[in-house]
Amino acid sequence: MSKVKIINGQNIPNMPWEDKPKNCSEPVWRYSKNPITDWNPTPSTARIYNSSAVPFGDGFVGVFRADHKNGRAQLHFGKSKDGIHWDIDDEVIKWVDENGNLNLNSYGYDPRVAKIDDIYYITWCDDFKGASVGLGYTKDFKTFIKLPNPFVPYNRNGVMFPRKVNNKYLMMTRPSDSGHTPFGDVFLSESPDTIHWGNHKFVMGKGGQGWWQGTKIGTGPVPIETSEGWLVIYHGVSNTCNGFVYSMGAALLDIDDPSKVLYRTANYLLTPEKEYETTGFVPNVVFPCATLVDAETGRIAIYYGAADTYSALAFSTVDEIIDYMKKYNEVF
Ligand code: BMA
C-alpha cells in the first residue's frame, strides 16, 4: 500500500514492473532490459518512440509515434499482453470525422491517451498549417474519430486530464513556434464539450535555479490523481553547444485548481545517461509520454522515448516521486 493514495485509479497487477535495485538511490529507475523497441521495428517504420500505453481488456494497447522511412512521423496502433513486448501495426491510424469520412492527418507525433469515463481521448502534435495540438477519440481502438483542432497554431504537448474538474474538460499545452522551439511554458485551458476551449491560465514556466529546464518545458503523461494533488511528469530542456538535452521532472498541482503548482522537482528525475538515450537519431533525449499506475501499490511504469529512436520504460512509485519533490522542491 502506498502512503499517498491514488484517486480514481485502477489496479493493474500485470503492469510492467521491476523493484528498485538495491544500489539505486534515485527516485526513478530504468527497466533493466531497455530499450523495448529497436531500429526498424516494422517494415515501413524506422523508429518508434514518444508513445503512450493504456490498460485495455486483459492486456494493454498503445498509440505510437512512428517515424517512417521517408522521415515523416505518423501515429500507429499497437497491442501487448505484458506492456513490454508490442505488436505494432505497420499501417497508420485511419482517422475519420464524426460522419465516418476519412480525415487523415498529414503527420502526427508524441501521442498521449487520456481515458475519461469510457472514452479514450488522444492528443498529439498535428499539422494544422504548422505544428498544433491534434485531438481525437476512440472507444474501441478500431474506429478513431478526429475532432477539430482545439487551439490555433502553434502549440504542442497537449495533455488532457483524466476527468472533468469543476465540470470542465482540462488540457495543458505548450504554445510554441513551427520549428524546434527555443522557448516554452505550460498553460491550462478548459472546455465544456472538448470542442470550445478557453479560460486559459498559466501553470508553470521554464527556468529556476537549475539549468536542466532552463530553455523550455512541456508536460508528458496524463496527470495522475493522488490524495496530495495532480502528479504531473514533464520534460525540461536545456540548451548546450551540441543542441537541446531533454530530461524528466515532476510537479504536483492543486486538485481543484490545477493552475496552482504545489511542488516541483528542483532536480531532474531522469536525464540521458544510457547509450540508448545519449545516442540515436537525436542524441540526449528522454521524453515521457505515458504512465501505467497501479492504484493499490502506487507503482508507476513510465513510458518514455529515448534519443528519438527507442521506446523505453522506467519505474517509480507515487511515494518516491512525491517524497523526492518535497525534499528538492522549487516552485518558481
Ligand atoms: C521535440 C519534439 C519531440 C522530440 C524532441 C527532441 O520538439 O519533436 O518529439 O522528441 O523535440 O527531438
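A pocket, as I use the word here, is an open set of grid points over the protein atoms alone, with protein on both sides within 12 Å along at least five of seven lines. I keep in mind throughout that the model I am reading is predicted.

**Entry 1: the largest pocket**

I began with the volume of the largest pocket, which comes to about 740 Å³. I then asked which residues lie closest to its centre, and among the 35 that line the pocket I found these to be Tyr109, Arg156, His180, Tyr246 and Asp308. When I sorted the lining of the largest pocket by class, I noted 14 nonpolar, 12 polar and nine charged residues.

Next I looked up the strands behind this lining, and I wrote down that β2 (45-56), β3 (59-68), β7 (108-116), β11 (155-160), β17 (229-240) and β18 (243-253) each give at least two residues to the largest pocket. Which element supplies the largest share of that lining? I found that it is β18, with four residues.

**Entry 2: the ligand**

Where does the ligand sit? I located the ligand in the largest pocket. Around the ligand I listed Asn50, Arg65, Tyr109, Asp110, Tyr246, Val282, Val285, Phe287 and Asp308, and by class this shell holds five nonpolar residues, one polar residue and three charged ones. Comparing my two lists, I saw that Tyr109, Tyr246 and Asp308 belong to the shell around the ligand and are also among the residues closest to the centre of the largest pocket.

I then followed the polar side-chain atoms that approach oxygen atoms of the ligand. For arginine 65, I read a distance of 2.7 Å between a polar side-chain atom and a ligand oxygen. For aspartate 110, an N or O atom of the side chain is likewise placed 2.7 Å from an oxygen atom of the ligand, while for aspartate 308 I noted 2.6 Å between a polar side-chain atom and a ligand oxygen. I also looked up how much of the ligand is covered: on its own the ligand exposes 310 Å², and 85% of that is buried by the protein.

**Entry 3: the second largest pocket**

I turned to the second largest pocket, whose volume I recorded as about 620 Å³. Its lining has 28 residues, and those I found closest to the centre are Asn8, Gln10, Lys115, Pro162 and Val222. Two or more residues of this lining come from each of β2, β7, β16 (224-226) and β20 (286-294). By class I counted 18 nonpolar, five polar and five charged residues in the lining of the second largest pocket.

**Entry 4: the cavity**

How many cavities of 30 Å³ or more does the model have? I found one, and I noted that the largest cavity contains about 60 Å³ of space. The residues that line it are Ile36, Thr37, Asn50, Ser51, Phe64, Trp86, Tyr303, Tyr304, Gly305, Ser311 and Ala312. I recognised Asn50 in this list, since I had already written it down as one of the residues surrounding the ligand.

For the elements, I recorded that β2, β21 (299-306) and β22 (310-317) each contribute at least two residues to the lining of the largest cavity, and that β21 gives the most, with three. The class count for this lining is six nonpolar and five polar residues, with no charged residues.

**Entry 5: the backbone**

Finally I checked the backbone. I found a cis peptide bond between asparagine 34 and proline 35, with omega at about -5°, and I placed proline 35 in the loop between β1 (29-30) and β2. Asparagine 40 lies in the loop between β1 and β2, and I noted that its phi is near 50°, a positive value in a residue other than glycine. A cis peptide bond also runs from proline 153 to tyrosine 154, where omega is near -5°, and I located tyrosine 154 in the loop between β10 (144-146) and β11.

How values were computed. Residues numbered from 1 in each chain as written. Predicted model: local features only at pLDDT ≥ 70, side-chain atom pairs only at ≥ 80, totals over all residues. Heavy atoms only, no water. Near = heavy atom within 4 Å. Polar contact = N/O pair within 3.5 Å; in protein donor to acceptor, adjacent residues only side chain to side chain. Areas by Shrake-Rupley, 256 points an atom, 1.4 Å probe, with all protein chains shown as cover. 1 Å grid on protein atoms, 1.4 Å probe; cavity = no way out; pocket = protein on both sides within 12 Å on 5 of 7 lines; lining within 4 Å. Sits in = over half its atoms within 2 Å of the grid points. Nonpolar A, V, L, I, M, F, W, Y, C, P; charged D, E, K, R; others polar. Points joined across faces, edges and corners; volume = space filled by probe spheres on them.
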